[in-house]
2 protein chains.
Amino acid sequence: MNTAYDQLVARLKRAHTLYTVADLLGWDEQVNLPPDSADVRATQHAVMAETQHAAATDPAISRLLDELEGGTPARQPTLSDSGQAVVLRYARRDYDRAVKLPADFVAEKAAHSSHAYHAWAEAKAKDDFAGYAPFLEKHLAFARREAELLGWDDRPYDYAIDRHDPGLTAASIAALFTELKHGLVPLVTAIRASRVHAETSLFKKFPIEAQRAFLREVTERLGFNYRRGRIDVSLHPFCSGTGADIRMTTRFDPDNPLDSLFSSIHETGHGLYEQGLPREHLGTALGQAVGMAVHESQSRLWENQVARSRAFWKYFEPKFRALFPAQLAAVSSEALYLAVNAVEPTLIRVDADEVHYNLHILLRFELEQQLFSGELAVRDLPTAWNALCTELLGQTPANNREGVLQDVHWSSGGFGYFPSYCLGNMMAAQLWATASRVLPGLEEDFARGDFTRLLRWLRENIHTQGRQYDTLELVRRVTGEELGPKHLLAYLRERYGRLYLG
Amino acid sequence: MNTAYDQLVARLKRAHTLYTVADLLGWDEQVNLPPDSADVRATQHAVMAETQHAAATDPAISRLLDELEGGTPARQPTLSDSGQAVVLRYARRDYDRAVKLPADFVAEKAAHSSHAYHAWAEAKAKDDFAGYAPFLEKHLAFARREAELLGWDDRPYDYAIDRHDPGLTAASIAALFTELKHGLVPLVTAIRASRVHAETSLFKKFPIEAQRAFLREVTERLGFNYRRGRIDVSLHPFCSGTGADIRMTTRFDPDNPLDSLFSSIHETGHGLYEQGLPREHLGTALGQAVGMAVHESQSRLWENQVARSRAFWKYFEPKFRALFPAQLAAVSSEALYLAVNAVEPTLIRVDADEVHYNLHILLRFELEQQLFSGELAVRDLPTAWNALCTELLGQTPANNREGVLQDVHWSSGGFGYFPSYCLGNMMAAQLWATASRVLPGLEEDFARGDFTRLLRWLRENIHTQGRQYDTLELVRRVTGEELGPKHLLAYLRERYGRLYLG
């Protein structure tokens with residue numbers, strides 16, 4: 001540990017380790033925290049946020065960066081010059097951002113996130129938007145203040161987006177979403193008029209232990225490494241942790257085994273990305289996911305393109321039936337496959353099928369823009385939500401639990417995250433088109449239960465790349481095209497057109 | 001937050017919060033950590049130890065202490081002068097200790113503890129003492145070095161004891177243990193010659209879910225607050241966390257339901273103490289347990305004096321039978337009570353009955369003294385263990401798994417902890433004698449499932465006292481006598497003499 005570069009990396013890794021500790025507190029909060037201990041957790045989050053902030057603003061980082069940016073830096077012998085340049089670029093960006101945020105701002109925001117999460121959970125349980133609104137307003141104020149402190153004063157929403165997906169803006173996303181909407185609405189309309197209907201109500205009384213065994217088998221077969229990860233139960237499924245210790249969650253419903261299965265496969269996609277990041281670079285930009293859109297492309301690709309395919313079910317259907325012989329006795333293979341690809345409008349984003357899903361995101365993106373522009377006040381959010389929901393989804397929430405209170409994201413100040421889901425869907429379809437072209441016979445692999453060629457391709461082209469390229473550049477390099485909705489629309493028309501439009 | 005005292009307390013609480021985060025990492029390590037993620041956890045422990053150390057050696061603490069010790073300090077309006085004096089005394093002690101330990105020493109020791117824990121678990125699984133010995137040697141070197149840095153150079157084992165039980169020394173403990181041994185050996189010999197035998201082999205196939213339900217009912221009835229705590233499964237039962245979020249663990253064996261029940265009640269005793277500390281003082285000495293001996297007095301009192309009593313089983317036996325009607329059909333009430341109070345020599349401390357238990361501690365205390373004096377080398381530990389085990393317990397371990405590798409404590413450098421168990425047993429019996437005197441009819445309460453008067457008495461006399469008095473002073477104040485083995489011996493003779501010696 002002698003060169004300036006090594007010293008810098010040691011400090012970045014130290015800050016990263018503190019981040020992983022705070023991240024584990026977040027996981028534990030949603031998986032294990034006793035109900036009355038939320039106050040302790042808020043204090044812990046605040047102290048850890050301050051501590052992380054102190055590590056990220058360590059003056060030695062600035063001094064080392066100055067030194068390394070100034071001359072011809074000595075790098076690690078195993079690292080390329082361009083690799084080192086990536087590390088330095090993000091280290092500089094993160095340092096400059098961190099020093100602009102006062103420590104007490106960081107601590108207050110962290111404590112507020114913890115309080116707001118519990119306020120949201122309570123408001124959702126009681127259908128009490130008014131009780132939650134002040135927390136949301138405070139989060140919006142924090143987001144604006146943060147953007148201002150970082151010099152994005154006139155574009156706070158762009159800053160919120162950039163935090164999740166460096167290089168993207170509200171305007172660039174709006175252009176992509178408009179194009180997507182034009183293609184999507186006619187498809188949705190046609191499918192909703194179809195006489196084909198999935199019989200999801202056929203699924204009853206699937207014992208949870210057997211569901212757990214099945215999803216464990218599936219996710220392990222897809223490549224998730226349970227020696228460096230685990231899966232638990234939480235209210236809202238998520239995936240946290242870094243490559244060396246990944247914590248996924250799901251939830252179980254005896255009458256809806258496909259929900260826990262597909263949410264687990266979704267989180268497995270996230271987990272595979274994190275487990276595929278180069279471990280030796282964890283803590284630097286070379287060991288970090290590009291952004292949330294790329295992350296979602298991984299979760300959605302495994303969840304949808306892979307696990308909703310006929311080939312996947314050719315392999316797994318006999319195993320599924322072996323675990324649930326009585327429950328599936330009256331379900332034909334075709335009915336099962338249709339249930340896996342059920343298209344049914346729903347008010348709840350996380351229950352939405354692939355065809356409707358993006359409309360849920362369009363709704364949230366629109367409302368976030370209006371909240372940040374000041375066009376929409378928090379108190380008017382339920383009305384605006386319901387109106388837009390009626391327009392886009394043809395259904396109106398009967399209460400806020402199935403409307404504006406349904407998602408956890410805003411309760412932690414996670415504005416600008418929702419667009420990543422839709423961008424991830426586009427990217428997943430675009431990556432899938434490329435993978436299918438360059439790896440002929442992929443679906444035959446799946447039918448044999450072999451997912452290794454696809455995983456290896458994603459490892460090489462996405463996972464091991466870290467942050468070498470930003471979102472749009474990565475898509476360009478891997479697929480040879482700009483990111484766009486073309487492949488997603490073609491994929492949806494193909495899969496769902498065939499099933500529902502004959 | 002204006003007075004010097006308030007500023008000091010804020011800093012102590014910040015350091016304490018970092019401690020609680022590190023403590024949660026430790027809990028998670030034993031309950032949840034994926035098998036290959038131990039490397040990450042070691043790094044996290046090291047960084048958190050450094051961070052805690054930085055908080056504990058914050059120069060502001062020294063400055064504030066100087067100021068407060070110098071003049072007539074302004075205290076919190078709700079706090080007595082003597083209360084403030086306690087906080088200052090321990091803050092000074094902890095600060096002076098912390099500044100004498102270099103940050104890299106603290107980080108190295110924390111990382112080593114994590115590595116050594118996993119090395120111990122592996123060595124135990126493989127019965128490979130040689131693989132574990134270097135880790136133990138390094139821990140001993142750390143312990144000596146720490147004592148030296150803190151000015152206890154010539155008394156490293158006394159320092160190890162003082163860390164757990166301020167005010168006690170190897171010599172004072174040895175005197176108590178010798179007296180105990182003289183009284184205990186004849187009792188053990190007599191009981192081992194008795195023709196009465198508990199039929200613990202009658203217990204077979206108790207479903208784990210029902211065991212879980214029963215221990216939950218029992219521990220809740222004893223007063224454990226599950227809204228600020230939980231119970232999980234780990235290899236070795238323990239209780240961690242502070243008053244505001246207590247994490248207990250147990251383990252389940254279908255053929256030994258009393259093991260998980262009594263280990264849970266034991267941990268509940270620890271949990272009740274922590275939950276009874278004054279929450280507003282958490283992070284200062286007024287909100288901190290006196291030491292491990294007092295802690296063990298609480299766990300052992302609930303486990304033994306309370307939960308092995310006839311009165312306890314009068315209330316719980318019908319509930320136990322209702323959950324396990326078939327399994328208990330052939331077990332009479334008297335056989336059940338005898339099984340609860342089975343006396344059977346065993347090589348494993350955590351499986352030991354009350355009568356033999358203290359002999360296991362005497363063994364460990366003797367070996368720790370020899371290790372620290374240099375009389376015994378780590379490589380000779382298995383031989384010395386087995387010889388002493390034969391002498392004290394009349395049995396010789398067939399391998400190191402049931403010998404020197406059985407306990408987790410040394411793997412985290414926890415020397416000087418074992419004596420606390422035995423001191424806790426003495427204290428529990430002494431407290432119980434006092435409680436029975438000042439609260440007539442306690443057992444009648446238990447027979448009705450009412451444990452509130454006992455808990456309230458412990459809350460008032462022990463839990464809410466924090467560190468106002470040290471171990472020996474607390475015992476003196478509450479029981480009116482010096483700590484000694486008299487009451488423990490009388491209790492054992494009474495309970496076990498009646499059962500086994502007719």
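In this predicted model, 27 residues of chain B are in contact with 27 residues of chain A. On the chain B side of that contact, the elements giving two or more residues are α1 (4-31), α2 (38-56) and β1 (229-233) of chain B. The biggest share comes from α1(B), which puts in eight residues. Sorted by class, the side of chain B that touches chain A holds 11 nonpolar, eight polar and eight charged residues.

How the two copies relate is easy to state. A turn of 180° and a shift of 0.0 Å along the axis lay chain B on chain A with an RMSD of 0.0 Å. That is what a two-fold axis does. Both copies also use the same surface, since 100% of the contact residues of chain B recur in chain A.

Turning to the fold of a single copy, chain A has 20 helices and three strands. Its C-alpha atoms fit a box of roughly 70 × 55 × 45 Å along the principal axes. For 502 residues, a compact globule would be expected to have a radius of gyration near 23 Å, and chain A comes out at 23 Å, so the two agree. Of the 502 residues in chain A, 46% are buried. Contacts in chain A also reach across the sequence: taking those between residues at least 6 apart, 75% join residues at least 24 apart.

Chain A splits into domain 1 (4-127) and domain 2 (170-500). Their C-alpha centres sit 27 Å apart. Where the two domains of chain A meet, domain 1 contributes 22 residues and domain 2 contributes 23 residues. On the domain 1 side, α1 (4-31), α4 (81-100) and α5 (103-126) of chain A each supply at least two residues. Here α1(A) gives the most, with 10 residues. By class, the side of domain 1 of chain A that touches domain 2 of chain A divides into 11 nonpolar, six polar and five charged residues. The α1 helix thus turns up in two settings: α1(A) leads on the domain 1 side of the contact between domains of chain A, and α1(B) leads on the side of chain B that touches chain A.

One loop residue deserves a closer look. A:P166 lies in the loop between α7 (156-164) and α8 (170-192) of chain A. With 16 C-beta neighbours inside 10 Å, A:P166 counts as partly exposed, because a residue needs 20 or more to be buried and 12 or fewer to be exposed. Setting aside neighbours within four places in sequence, A:P166 is in contact with A:G291, A:D470 and A:T471. By contrast in sequence terms, A:G183 is 17 residues away along the chain, and the C-alpha atoms of A:P166 and A:G183 are separated by 27 Å.

Over in chain B, helix α16 (residues 418-438) offers a quick geometry check. At 1.5 Å a residue, its 21 residues should span 30 Å, and the end C-alpha atoms of α16(B) are 31 Å apart, which agrees. As for surroundings, 15 of the 21 residues of α16(B) are buried, so this helix is largely enclosed by the rest of the structure.

Methods: Residues are numbered from 1 along each chain as its sequence is written. Chains are lettered from A and ligands numbered from 1 in the order in which they are written. This is a predicted model: local features need pLDDT of at least 70, side-chain atom pairs count only at pLDDT 80 or more; totals for chains, interfaces and linings use all residues. Helices (H or I, at least four residues) and strands (E, at least two) are DSSP runs, numbered from the N terminus. The radius of gyration is taken over C-alpha atoms; the globule rule is 2.2 Å times the number of residues to the power 0.38. Two residues are in contact if their C-beta atoms, placed from the backbone, lie within 7 Å. Copies are superposed by least squares on the C-alpha atoms of residues with pLDDT of at least 70 in both. Domain bounds come from an automatic or database domain assignment. Ala, Val, Leu, Ile, Met, Phe, Trp, Tyr, Cys and Pro count as nonpolar, Asp, Glu, Lys and Arg as charged, and the others, Gly among them, as polar. The expected span of a helix is 1.5 Å times one less than its number of residues.
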